Amino acid sequence: MLMTTSVLQIESYAIAIGQGEDDKPVCLIVSIDSLDAGGEIALSAVGAHLVDGDLVLHSEVGHLALKSLGEAFKQAVMMKLPLVVLDPVSEKEHLVPTSYSEASSNEC
């Protein structure tokens, strides 16, 4: 029996680029309260990969795709900046490494 893994598609979310004291980008930031669903996946993600313009987060509990990532955010992923997932209720921050493939970078 072939098992397939579904990816939760998130069309609406808030994402930002965090900057250091020198105003250079240091990370991507997403708060789980901006997601319609998938907060548990985001908070337990072990990696995020740019695929066809979407940022796909991978976790033991599932996969989540932040759809249609904007150009500046794609560039941040290509710079290998990490994604910081924020939980405003518990005030926890979860750091997720990002990556991309050369095929994905051709779309940027």
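Which residues does threonine 98 touch, not counting residues up to four places away in sequence? In this predicted model, the answer is Ala48, Val77, Lys80, Leu81, Pro82 and Leu83. Threonine 98 is a handy place to start, and the points below go on to helix 2 and to a pair of strands.

**Threonine 98**
- You will find threonine 98 in strand 9.
- Threonine 98 counts as buried because its relative accessibility is 9%, and the cut-off for buried is under 20%.
- Its side chain reaches the backbone oxygen of leucine 81 at 2.6 Å.
- Leucine 81 is also among the residues that threonine 98 touches.

**Helix 2 and its surroundings**
- Helix 2 spans residues 71–78, and its residues Phe73, Lys74, Ala76 and Val77 are buried.
- These residues lie on the same side of helix 2, because they cover an arc of only 160° around the axis.
- The buried residues of helix 2 pack against five strands: strand 2 (15–19), strand 3 (25–31), strand 4 (47–51), strand 5 (54–59) and strand 9 (98–100).
- One of those buried residues, Val77, is touched by threonine 98.
- After helix 2 comes lysine 80, which has a positive phi near 60°.
- Lysine 80 is another residue that threonine 98 touches.

**Strands 2 and 3**
- Strand 2 and strand 3 run antiparallel and are joined by five bridges.
- Across this pairing, isoleucine 17 stands opposite leucine 28 in strand 3.
- The two strands form a hairpin with five residues between them, where aspartate 23 has a positive phi near 65°.
- Both strands are among those that the buried residues of helix 2 pack against.

How values were computed: Residues numbered from 1 in each chain as written. Predicted model: local features only at pLDDT ≥ 70, side-chain atom pairs only at ≥ 80, totals over all residues. Heavy atoms only, no water. Buried < 20%, exposed > 50% of the residue type's maximum accessible area, 1.4 Å probe, protein only. Helix = DSSP H or I, 4+ residues; strand = E, 2+ residues; numbered from the N terminus. Arc of directions from axis to C-beta. Contact = heavy atoms within 4.5 Å. Polar contact = N/O pair within 3.5 Å; in protein donor to acceptor, adjacent residues only side chain to side chain. Pairing = 2+ DSSP bridges.
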